[in-house]
Amino acid sequence: MADQDFSTLTNDNIVAFIGDIFKRRGADSYLGEEVTMSEHMLQGAQLAEEAGASDAIIAAALLHDIGHYTNEFPEDALAQGIDNHHDEAGARVLEKFFPGIVTDCVRHHVAAKRYLCATDPDYFGRLSPASVHTLGLQGGPMSAEEVAVFGANPNLEAILQVRIWDDQGKVAGKVTPDFDYYAPLLQRVVDGPESPLSRRTRSNGQEMLETKP
Ligand SMILES: [Fe+2]
């Protein structure tokens, strides 16, 4: 999809676009871990599905690290995300198409590690060595003030759960479904009533109805 006209990304082709990134870039190493990027994200989705999570939360687990590939996304998205870390960059490219709970889980998955380190005494001991290393670069455990602010997010439970699957999705050689298995689920989430474009379409429809005599 090298000749993709990025301005044409829509609800109808965003899933295929993300799938293309998985296929071309998924074999990239996940720095310091024993799994590739696609293995890591697919393991997260598998853990979410096995836990009986909703489609939106499975989508969040699958896409939480997509921000590592923002250079694959349209120029305007890149311009918005370029000065941010991969968590914020990923949320920015997804928020045009996915519901807020998905982008919240993506946007806050690094901060969730800092939150859990400050609030769960056992959590730190379960982090991989690479994740412990990056914790320092990411600001270390949250302060009490930061915990209070972060803890007020209405999507906190989902954010923390996706983070825990993120930490667990690093098992070398684990068999998972491939991206194509999750593509219909992603499409359902993109087309669902909580998606930004669906909402816009619905409200436009309502306006049209209301202006009719
Ligand atoms: Fe991750």
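I would like to begin in the middle of the chain, with helix 6, where the cover over its buried residues includes helix 3, helix 5 (86-94), helix 7 (109-119), helix 10 (156-168) and helix 11 (179-191). Please keep in mind throughout that this is a predicted model.

Which residues of helix 6 are buried? They are Ile-101, Val-102, Thr-103, Asp-104, Cys-105, Val-106 and Arg-107. Helix 6 covers residues 100-107, and because seven of its eight residues are buried, the helix is largely enclosed by the rest of the structure.

Let me now step back to the protein as a whole, which has 12 helices and zero strands, so that you can place helix 6 among the others. If you read along the sequence, the pattern is α-α-α-α-α-α-α-α-α-α-α-α. Of the 213 residues of the protein, 35% count as buried. When we take the contacts between residues at least 6 apart in sequence, 64% of them join residues at least 24 apart.

Next, I would like to look at one pair of helices. Two packed helices are described by the angle between their axes and by the distance between those axes. Here, helix 2 (residues 37-50) packs with helix 3 (residues 55-63) at an angle of about 160 degrees, and their axes are 7 Å apart. An angle over 145 degrees counts as roughly antiparallel, which is why helix 2 is described as roughly antiparallel to helix 3. The crossing of these two helices, helix 2 and helix 3, is right-handed.

Where do the two helices meet? On the side of helix 2 we find Met-41, Gly-44, Ala-45, Leu-47, Ala-48 and Glu-49, and these meet Ile-57, Ile-58, Ala-61 and Leu-62 in helix 3. Sorted by class, this contact between helix 2 and helix 3 has eight nonpolar residues, one polar residue and one charged residue.

My last stop is a single residue, Val-147, which lies in helix 9 (residues 144-150). Is Val-147 buried, exposed or partly exposed? It has 15 other C-beta atoms within 10 Å, and therefore Val-147 is partly exposed, since a buried residue would need 20 or more and an exposed one would have 12 or fewer. If we leave aside its neighbours within four places in sequence, Val-147 is in contact with Tyr-115, Ala-118, Thr-119 and Met-142. Finally, Val-147 and Ala-112 are 35 residues apart in sequence, while their C-alpha atoms are 9.7 Å apart in space.

Technical notes. Residues numbered from 1 in each chain as written. Predicted model: local features only at pLDDT ≥ 70, side-chain atom pairs only at ≥ 80, totals over all residues. Axes fitted to C-alpha atoms, helices over the stretch in contact; angles between N-to-C directions. Helix = DSSP H or I, 4+ residues; strand = E, 2+ residues; numbered from the N terminus. Parallel < 35°, antiparallel > 145°, perpendicular 65-115°, else oblique. Left-handed = near helix turned anticlockwise from the far one by under 90°. Contact = placed C-beta atoms within 7 Å. Nonpolar A, V, L, I, M, F, W, Y, C, P; charged D, E, K, R; others polar.
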